[in-house]
Amino acid sequence: MTVAHPTILDVAREQVLERGEGLGEEQVLAVLQLPDEALAESLALAHEVRLRWCGPEVEVEGIVSVKTGGCPEDCHFCSQSGRFETPVRAARLDIPSLVEAARQTAQTGATEFCIVAAVRGPDERLMAQVRDGIAAIRAAVDINIACSLGILTAEQARQLEVMGVHRYNHNLETARSHFPRVVTTHSWEERWATLQLVREHGMEVCCGAIIGMGETLAQRAELAAQLAALDPHEVPMNFLDPGRGPRWPTSRWSRPRTPCARSPPSAWRCRAPSCASPGAAS
Ligand code: SF4
């Protein structure tokens, strides 16, 4: 008589769903390598994990860009990089428009309003604009305020804490081993350091990634482990549509080698069972 061995989804059910213990990197890879026929079962398990460990509530967050386009960085996926030919034109939002966007966001029932900027990191002008904008929003609208302003210094993180910023978004974008193929003007480690500053200064950490930038399945599992080690409050997951991106610098990176379908949300949900995963991110 042959004895059936438990599948990785059997293991995940017991380990993640029942005990609330995330999968290890090798286990995440095993989930990602499941055949297509297992997709429905893995999605169903992911949903059960979400209900058990996160509950049924959905948090709604609005984002608005105060500085769009013209970014000096070369993130190959980004239409706001000034280094690639894209239809995006540089623009700034004034404070009355920012307050109005926050008001409209709150009226939808959203509880968080995120101020984002296409920059490597904030300069003094942007920090002053954010400071004034937050003060104006606080005077007019009852909503949590988040920011996504790129790489921070310790002093800038302290200033954002003093301004009362509730949450900070800064994505790892991809696995550490793949990052140099996607961005050359700053490092994965600089991003990681900013995320540590955000936590040290009492802000919630919002950190996610983009799937479909030529990374391997093993690198997706690596990314999941790195995100889990960070233990963020929420993980925005984005899926690249290469047909509508900027013009890639083809010598470095052309097209994803791994289909996005090979990133079942169950793998991410099983890696960090109690972490929120919003559907949108900057
Ligand atoms: S730093 Fe942000 S805005 Fe600038 S190119 Fe990279 S992803 Fe785009």
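# Exercises on a predicted model

In β3, Glu 112 has Glu 61 standing opposite it. Keep this pair in mind as you work through the exercises; the structure is a predicted model.

## Exercise 1: The strands around β3

**Task.** Find which strands pair with β3, and in which sense.

**Solution.**
Step 1. Start from strand β1 (residues 61–68), which runs parallel to β3 and is joined to it by six bridges.
Step 2. Now turn to strand β4 (residues 144–148): five bridges link it to β3, again in the parallel sense. Within this pairing, Cys 114 is opposite Ala 146 in β4.
Step 3. Follow the chain from β3 to β4. It passes through helix α5 (residues 124–140), and this β-α-β crossover is right-handed.

## Exercise 2: The whole sheet

**Task.** Work out the order of the strands in the open sheet, and say which strands stand at the edges.

**Solution.**
Step 1. A reminder helps here: strands of a sheet pair through backbone hydrogen bonds, in either a parallel or an antiparallel way.
Step 2. Six strands make up the open sheet, in the order β2-β1-β3-β4-β5-β6, and their pairing is mixed.
Step 3. The edges are held by β2 (91–92) and β6 (204–206); each has a single partner strand, so one side of each has no neighbour in the sheet.
Step 4. For an antiparallel pair, look at β1 and β2, which are connected by two bridges. Here Thr 68 stands opposite Ala 91 in β2.

## Exercise 3: Is β3 enclosed or open?

**Task.** Decide how many residues of strand β3 (residues 112–117) are buried.

**Solution.**
Step 1. Take one side of β3: Glu 112, Cys 114 and Val 116 are buried.
Step 2. Take the other side: Phe 113, Ile 115 and Ala 117 are buried as well, so both faces are covered.
Step 3. Put the sides together. Six of the six residues are buried, so β3 is largely enclosed by the rest of the structure.

## Exercise 4: Two sides of a helix

**Task.** Explain why Ile 8, Ala 12 and Val 16 lie on the same side of α1.

**Solution.**
Step 1. In helix α1 (residues 8–18), these three residues, Ile 8, Ala 12 and Val 16, are buried. They cover an arc of only 35° around the axis, which puts them on the same side of α1.
Step 2. The general rule is that an α-helix has 3.6 residues a turn, so residues three or four places apart point the same way.
Step 3. Check the other side of α1, where Asp 10, Glu 14 and Glu 18 are exposed.
Step 4. Look just past the helix: α1 is followed by Gly 20, which has a positive phi, near 70°.

## Exercise 5: Positive phi without glycine

**Task.** Are Glu 173 and Asp 231 buried or partly exposed?

**Solution.**
Step 1. Glu 173 has a positive phi, near 75°, and is a residue other than glycine. Its place is the loop between β5 (167–169) and α7 (188–200).
Step 2. A residue is buried from 20 C-beta neighbours within 10 Å. Glu 173 has 22 inside 10 Å, so it counts as buried.
Step 3. Asp 231 is not a glycine either, yet its phi is positive, about 55°. The loop between α8 (217–230) and β8 (237–239) holds Asp 231.
Step 4. Asp 231 has 13 C-beta neighbours inside 10 Å and therefore counts as partly exposed.

Note on methods. Residues numbered from 1 in each chain as written. Predicted model: local features only at pLDDT ≥ 70, side-chain atom pairs only at ≥ 80, totals over all residues. Buried ≥ 20, exposed ≤ 12 C-beta atoms within 10 Å, placed from the backbone. Helix = DSSP H or I, 4+ residues; strand = E, 2+ residues; numbered from the N terminus. Arc of directions from axis to C-beta. Pairing = 2+ DSSP bridges. Right-handed = clockwise from strand over helix to strand, strands pointing away.
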